[in-house]
2 protein chains.
Amino acid sequence: MDTASADSAQSAYALGAVTVASSPQERFSEYLQSKGKRITQQRRILVDHVFERHDHFDADELIANLSRSQQECEEGRKVSRPTVYRTLNELVEAGLLRRMTLSGRSVYEHDYGYPQHDHLHCTKCDKLIEFQSEELKQLRQAVANEHGFRVTGHRLIVSGICEPCGRNRHRGKSPLDLI
Amino acid sequence: MDTASADSAQSAYALGAVTVASSPQERFSEYLQSKGKRITQQRRILVDHVFERHDHFDADELIANLSRSQQECEEGRKVSRPTVYRTLNELVEAGLLRRMTLSGRSVYEHDYGYPQHDHLHCTKCDKLIEFQSEELKQLRQAVANEHGFRVTGHRLIVSGICEPCGRNRHRGKSPLDLI
DNA sequence: ATGGGTGCAAAGTATTTGCACAAGC
DNA sequence: GCTTGTGCAAATACTTTGCACCCAT
């Protein structure tokens, strides 16, 4: 959509009211170095595009986004589909992205410098609404304790119909209902 | 594994302490008739195998299970892969099974005559442990209300390491750790 | 008998992989 | 310069579909 802040995440990474020390780029570099992997143009481009906006996306959307901005500004190199997948996996491993599986396809969202949260999923327009719940954390810990289970994370998706879709119950997926 | 109670679900469907009026077979028949669909050998066989034991399974496991019992007892007809997929979808539509997506593949579990519950997922051995929480239902309703969202369901998966895997932290997936 | 169901094989879709060339350290 | 990364195309994994024959109603 816009390519404005493509290089805005250089030093400090602002996020709402919170500001964390290192940008996603820096964080990813750390991860790559710790694994003996290299910091390439493609990886940089991908991290830029992924953390440019905070929203939910899948591999195809990211690829579409990439080709769009590559037409506009001459970013130098394009990134191939396999590389997008490879890098998304690395970003998940690095703890920068969280992967969610919504009806078959993988959906990604920021996991670094972004508070733990869960989702309301509208089954009509596929929109995801985020929410946080402190009680949920307590609940999951309580349950885990009962079963001698060591928790590393969780995923809660409440499905239903969002408020706009509830009104216009005759229309299906609309281009206006962006994720 | 065993083909013992293959036809035990004829009349009353026992489930722990609870007993519901109609068996999965009957319930599925109702659904099929209401949709003008037919009750075939294949569908019967599949429902039998699915509701024989209460566990989590995917399409491949069900198919494997089928071919095994078809070798032992001469059930008459075998069920093809496409039919398994078609029938699983129908069982989900009919509300007899619940579909869950665990890292790409679809996992199914009983939904009929079985209380709503959620899962602890061991990322080491892939075991699923069920649990119930009344608070969770309240929580999800409270959150939904805040967002004008009409809830139809939810899915919570708490991931981590189960107690046995926590002990033997050196071993990976073992044939002993059945789902 | 007749319209839906099944099996087969083939098509999709989403993602991964082998290999030759290119590039980071 | 040596190794890791990338792009391409092909492979893979899972699931769905088109079509000719079959069976429940």
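1. Starting in chain B: B:Tyr108 comes out as buried, with a relative accessibility of 3%. Keep in mind that this is a predicted model. The ring partner of B:Tyr108 is B:Phe57, and the two are stacked, with 5.9 Å from centre to centre and 25 degrees between the planes. B:Phe57 is buried as well, at a relative accessible area of 7%.

2. Have a look at where those two rings sit. B:Phe57 is in the loop between helix H2 (41–52) and H3 of chain B, while B:Tyr108 is in strand E4 of chain B. They are 51 residues apart, so the pair ties together distant parts of the chain.

3. The whole structure holds four aromatic pairs over all chains. Another of them is B:Phe28 with B:Tyr31, also stacked, at 6.2 Å centre to centre and 5 degrees between the planes. Here both residues belong to helix H1 (residues 24–34) of chain B, three residues apart, or about one turn of the helix. B:Phe28 has a relative accessible area of 2%, which makes it buried, and B:Tyr31 counts as buried too, at 9%.

4. Now to the DNA. Strand D is surrounded by 24 residues, and the closest are A:Arg38, A:Lys78, A:Thr83, B:Tyr85 and B:Arg105. Sorted by type, the residues of this surface are six nonpolar, seven polar and eleven charged.

5. Which elements supply at least two residues each to the surface near DNA strand D? From chain A, helix H2 (41–52) and helix H4 (81–93) do; from chain B, helix H3 (59–72), helix H4 (81–93) and strand E4 (105–110) do. H4(B) gives the most, with five residues.

6. What part of the DNA faces the protein? Of the strand D atoms within 4 Å of the protein, 68% belong to sugar or phosphate, and the rest to bases. Some phosphate contacts are worth checking on screen. A backbone N or O atom of A:Lys78 is 2.4 Å from a phosphate oxygen of strand D. With A:Ser80 and A:Thr83 the side chain is involved: an N or O atom of A:Ser80 lies 2.8 Å from a phosphate oxygen of the strand, and for A:Thr83 the distance is 2.7 Å.

7. Finally, chain A overall. This chain has six helices and eight strands, running β-β-α-α-β-α-α-β-β-β-β-α-β-α from the N terminus. Of its 179 residues, 45% are buried. The accessible surface of chain A is about 9700 Å², with 47% of it from carbon and sulfur atoms.

Conventions
Residues numbered from 1 in each chain as written. Chains lettered and ligands numbered in written order. Predicted model: local features only at pLDDT ≥ 70, side-chain atom pairs only at ≥ 80, totals over all residues. Heavy atoms only, no water. Near = heavy atom within 4 Å. Polar contact = N/O pair within 3.5 Å; in protein donor to acceptor, adjacent residues only side chain to side chain. Helix = DSSP H or I, 4+ residues; strand = E, 2+ residues; numbered from the N terminus. Nonpolar A, V, L, I, M, F, W, Y, C, P; charged D, E, K, R; others polar. Buried < 20%, exposed > 50% of the residue type's maximum accessible area, 1.4 Å probe, protein only. Areas by Shrake-Rupley, 256 points an atom, 1.4 Å probe, with all protein chains shown as cover. Phe/Tyr/Trp six-rings, centres within 6.5 Å; stacked < 30°, edge-to-face > 60°.
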